[in-house]
Amino acid sequence: MLVIPIIDDNLLANSDRVTLLQLTDPHLFDQPSKTLLGVNTWDSFNAVIDAALSHTFDAVVLSGDVSQDYSSQSYRACADALARLNKPTMVLPGNHDELVKLREHLVGSNVFHSEVVNIGGWGLHMLDSTTGESPGGRLGSSRTRRMLDNIQSSTQDWQMLFLHHNPVKTGSAWLDNHWLADGQEFLAELEKQPKVRGVAWGHVHQEMDLAHQHIRLMASPACCIQFLPNSQTFALDTLQPGFRLLHLYRDGSIETQVYRLPGQAFIADPDAQGY
Ligand SMILES: [Fe+2]
């Protein structure tokens, strides 16, 4: 198991919990002028970061789809934006990412691509759910086995898993074509792991928060365009980009809030038929 301690427990803002900022799906381009369905993604990502800076958190998780065009520049732009947060950041890939470029241009002195990170009594697992073939995800047997080994051998009291793809369906048929294909098997394994308290993902560009037995399941809004919940065909929401804060307590409980940008600065093209 690859475990990288990135933060000393004595440095936590509150000794009874670790607070994580979850950012997801910035979909950055190679140039700051480019837009995704009418939304300038460099601007929306930086606006989300500006908003996050008014909160207190100990570390950041970026749960994939960093790039929209697989360009080196998009990853470097992401690194520049994240540097403004000045917090250790764990990144994992989404279906829009190219892992080699992500590692070369985004991972650095304060941005980590590591399998497991231990903070404040919690083992944080950064799963790669990408397949390299389709927009959908699949963990597969070997990555699932490795995840279970890491959970069972963890020295931490509690475990939280992050991945890009949704292991439960959203209710939008077009989007659920690209969910985590072995999501049911994934959750069936986690049901047997009492230390696992939470799973969080991106990909769906909308907020989700539900309970599955002892496990909290959560999706964070994207840092750019938002998908309309419960739409059977592709549709965009007028909700603004946002982020999630996760408070992981020493007793294994989780508190969380989603924040969205005020105003209406980032409205996507209402006539868009897909992306
Ligand atoms: Fe995305």
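Here is a short chat about the overall fold and helix H1 of this predicted model.

Student: Let's start broad: how many helices and strands does the chain have?
Tutor: The chain has 275 residues, and buried ones make up 57% of them. As for secondary structure, the count comes to six helices and 16 strands.

Student: What radius of gyration does the chain have, and what would a compact globule have?
Tutor: The C-alpha trace spans about 50 × 35 × 35 Å along its principal axes. For 275 residues, a compact globule would come out near 19 Å. The chain agrees with that, at 17 Å.

Student: Now H1: how far apart should its ends be, and how far apart are they?
Tutor: H1 covers residues 41–52, so that's 12 residues at 1.5 Å each. The expected span is 16 Å, and the end C-alpha atoms agree with it at 16 Å.

Student: Which residue caps the N-terminal end of H1?
Tutor: Look for a side-chain oxygen lying 3.1 Å from the backbone nitrogen of Trp-42. That oxygen belongs to Asn-40.

Student: Where do the buried residues of H1 sit around the helix?
Tutor: The buried ones are Thr-41, Ser-44, Phe-45, Val-48, Ile-49 and Ala-52. Down the axis they fall within an arc of 140 degrees, so they line one face of the helix. The spacing fits the usual pattern: an α-helix has 3.6 residues a turn, so residues three or four places apart point the same way. In short, they sit on one face.

Student: And which elements do those buried residues pack against?
Tutor: One partner is a helix, H2 (72–83). The others are strands: S1 (17–23), S2 (35–36), S3 (39–40) and S15 (242–249).

Methods:
Residues numbered from 1 in each chain as written. Predicted model: local features only at pLDDT ≥ 70, side-chain atom pairs only at ≥ 80, totals over all residues. Heavy atoms only, no water. Helix = DSSP H or I, 4+ residues; strand = E, 2+ residues; numbered from the N terminus. Expected span 1.5 Å × (residues − 1). Buried < 20%, exposed > 50% of the residue type's maximum accessible area, 1.4 Å probe, protein only. Arc of directions from axis to C-beta. Contact = heavy atoms within 4.5 Å. Polar contact = N/O pair within 3.5 Å; in protein donor to acceptor, adjacent residues only side chain to side chain. Rg over C-alpha atoms; globule rule 2.2 N^0.38 Å.
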